[in-house]
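Trainee: I should like to learn how to read the features of a protein model. May we begin with the terms and then turn to the case at hand?

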Amino acid sequence: MNDPRPTELVPLDEPAGRDRWLLTHHSNQYIVWRHDDQLLVTAAMCPHKALPLLEGVIRRGAIVCPEHWYAFELGTGRCRASLAAAQQYELTHYPVEYVDGVAHARLPVGQPMTLVERLRAHARGAL
Ligand code: FES
């Protein structure tokens, strides 16, 4: 996770028969993906054009956006596009931890940072 905000553990519901679902926490949306018997949590919007990723697919170790087909590696979120400009995009992943056998996501508390806040954090070396 590349986000300097404080975090908290949020229990993950696991709807039967679903391989992905939206999770809302502090007005932020995330996608929980079930893949190979593991749960992954990512941002809900694609880092390319901020369009919804929920209808994307997991193929060959990457989440593929349904809009322009950029593929983001599972685990790292790195974009696999061959265009150098597209390689800057990274899909944010959030850690999944188990507490007493229940899956939780470690999610940031509060609203997403504005661009100015992100630039300042980057300048401080916090990102
Ligand atoms: S919006 Fe996802 S690849 Fe363009």
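Mentor: A residue is called buried under 20% relative accessible area, exposed over 50%, and partly exposed in between, with a 1.4 Å probe and protein chains only as the basis. As to the source, this is a predicted model, in which local features need pLDDT of at least 70 and side-chain atom pairs count only at pLDDT 80 or more, while totals for chains, interfaces and linings use all residues. Residues are numbered from 1 along each chain as its sequence is written, and side-chain values use heavy atoms, with hydrogens and water left out.

Trainee: What share of the 127 residues in the protein chain is buried?

Mentor: Buried residues account for 35% of them.

Trainee: How many helices and strands does the protein chain have?

Mentor: Helices (H or I, at least four residues) and strands (E, at least two) are DSSP runs, numbered from the N terminus. The protein chain has one helix and 10 strands, and from the N terminus on the order is β-β-β-β-β-β-β-β-β-β-α.

Trainee: How does the radius of gyration of the protein chain agree with that of a compact globule?

Mentor: The radius is taken over C-alpha atoms, and the globule rule is 2.2 Å times the number of residues to the power 0.38. For 127 residues a compact globule would have a radius near 14 Å, and the protein chain, at 15 Å, agrees with this. Its C-alpha trace spans about 40 × 30 × 20 Å along the principal axes.

Trainee: How should salt bridges be read?

Mentor: Side chains of opposite charge can pair when their charged atoms come close. The rule asks for a side-chain nitrogen of Lys or Arg within 4 Å of a carboxyl oxygen of Asp or Glu. By this rule there are five salt bridges.

Trainee: Which side chain does Arg34 meet in a salt bridge?

Mentor: Arg34 pairs with Glu14 at 3.1 Å, N to O. This pair links distant parts of the chain, 20 residues apart: Arg34 lies in strand β3 (residues 28-35), and Glu14 in the loop between β1 (7-11) and β2 (20-25). Arg34 is partly exposed at 28% relative accessibility, and Glu14 is partly exposed at 40%.

Trainee: Which residues are linked in a network of salt bridges?

Mentor: Glu73, Arg78 and Arg80 form such a network. Glu73 meets Arg78 at 2.8 Å, N to O, and meets Arg80 at 3.6 Å.

Trainee: Is Glu73 buried or exposed?

Mentor: Glu73 counts as buried because its relative accessibility is 18%. Its partners Arg78, at 43%, and Arg80, at 38%, are partly exposed.
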